[in-house]
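Trainee: I would be grateful for a close look at one part of this model, namely the unusual backbone geometry in its loops. Please set it out as one connected account.

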Amino acid sequence: MIETVLSIETSCDDTSVAVVQKNGRVLAMQSASQDQFHQPFGGIVPEIACRNHSIALLPLIEKVVDASKVGWKGVQGVVVTNRPGLVGSLIVGLVTAKSIAQAKGIPLLGVNHLEGHLLAPFLSDETYLPKKIFGERFIALAVSGGHTSIYDVQGLGKYRILGSTLDDAAGEAFDKFGKMIGLGWPGGVKIDKLAAQGNIKAYEFPRSMILEENEIMSFSGLKSSAQRLVEQLGETEVQKNLADLCASYQEAIVDVLMAKLERAVRRMKTDLVVITGGVSANSRLRARAEDWAARSRKTLMIPPLRYCTDNAAMIGYAGILHMNQGARHDLALGPSPASLPGDFEVDAHG
Ligand code: KG4
Ligand code: ZN
């Protein structure tokens, strides 16, 4: 039985390292955001991402192993995100993880980043205790800058995608709108803050596919309709009405996410619901989800912000659970830009 692993996450633009125990307890975690390096370009530049991972990673590993108190002696395995993600970024984490596994003579395992997001609500630390331990079947809305999907989670490694976005991820829809109205990148957090002062009914935005009897979503129509409105209004009007624009736009996204999540829960008849990924930080989505869960007597778990956004703790937890079922990779493990066949089952209409 492996008690403790070191985990590394470099799939996108955040460098993150953690030491995690087999019950999901996070002994130490540190992440380095690269937002300041990508901001001038209005999005993630893959070359800049992998260069900064390679600068940040080794010092971060030393710090986290030290902070974990168990030290290198206590690290019994290495877990690393090897899919899906930017290949150049994945490689930095992967070669580092392989080197450590080889040098220390400990097992290695590559895990799917999205599986990490699904298990994130079940992590624990000194200031966060999950409402439930991992085991019961649940529905998860995983919503970030790169992904927006609803999953039926039946157990470890048993993940069925009920539906996904056909085009933009919800976080991408936030960020593109942020750029349009001059908030810079990434705009999600700023839209959330401005929306709190605005009127959700001030502007009409489309809620694509909301009435369709499935969990499939689409956000590209919303983005185009916002583009037309912003052009019609003109710069001065847009700046005068920022709060109302943000509130109305955000409400359209939250309406779609909640309608599809509620539908999945009705269809699968589960009591436990999870919302995870960077957009689960959105205060309106949280408030709407909490209100719905209370009304419909569901247990809702949303991880704290540090485990919502990309982080290594969730990767470590997914990995140690698989390792304790015997899973291992050898040094031939490679990165993959996409999930692999077998990672997720796809629902008939998902
Ligand atoms: O999971 P994450 O850190 O990275 C990946 O995309 O994998 O998610 C980042 C996304 C960005 O699109 C960001 O704008 C969005 O999450 N986001 C938010 C909020 N905080 C972060 N969107 C809306 N409201 C927020 N409060
Ligand atoms: Zn992510």
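**Backbone geometry in the loops**

Mentor: Lys-69 is exposed, with a relative accessible area of 76%, in this predicted model. That value places Lys-69 in the exposed class because the class begins over 50%. Lys-69 belongs to the loop that runs between helix H2 (46–67) and helix H3 (71–74). Its phi is positive, at about 75 degrees, although Lys-69 is not a glycine. Such a value merits attention because most residues other than glycine have a negative phi.

Met-209 also calls for attention: its phi is near 65 degrees, again a positive value in a residue other than glycine. Met-209 is found in the loop between H7 and helix H8 (220–240).

The next feature concerns the peptide bond itself. Most peptide bonds are trans. The bond from Trp-185 to Pro-186, however, is cis, with omega near -10 degrees. Pro-186 sits in the loop between helix H6 (170–180) and helix H7 (188–195). Helix H7 therefore follows the loop of Pro-186 and precedes the loop that holds Met-209, as helices are numbered from the N terminus.

For contrast with these loop positions, one may turn to a helix. Ile-91 lies in helix H4 (residues 87–104). Ile-91 is partly exposed, with a relative accessible area of 37%; this residue can belong to a surface patch because patches take residues with over 30% relative accessible area. Together with Val-87 and Val-95, Ile-91 makes a nonpolar surface patch of about 210 Å².

Definitions and conventions: Residues numbered from 1 in each chain as written. Chains lettered and ligands numbered in written order. Predicted model: local features only at pLDDT ≥ 70, side-chain atom pairs only at ≥ 80, totals over all residues. Heavy atoms only, no water. Patch = residues over 30% accessible without salt bridge, like charges linked within 9 Å, V, L, I, M, F, W, Y side chains within 5 Å. Areas by Shrake-Rupley, 256 points an atom, 1.4 Å probe, with all protein chains shown as cover. Salt bridge = Lys/Arg side-chain N within 4 Å of Asp/Glu carboxyl O. Helix = DSSP H or I, 4+ residues; strand = E, 2+ residues; numbered from the N terminus. Buried < 20%, exposed > 50% of the residue type's maximum accessible area, 1.4 Å probe, protein only.
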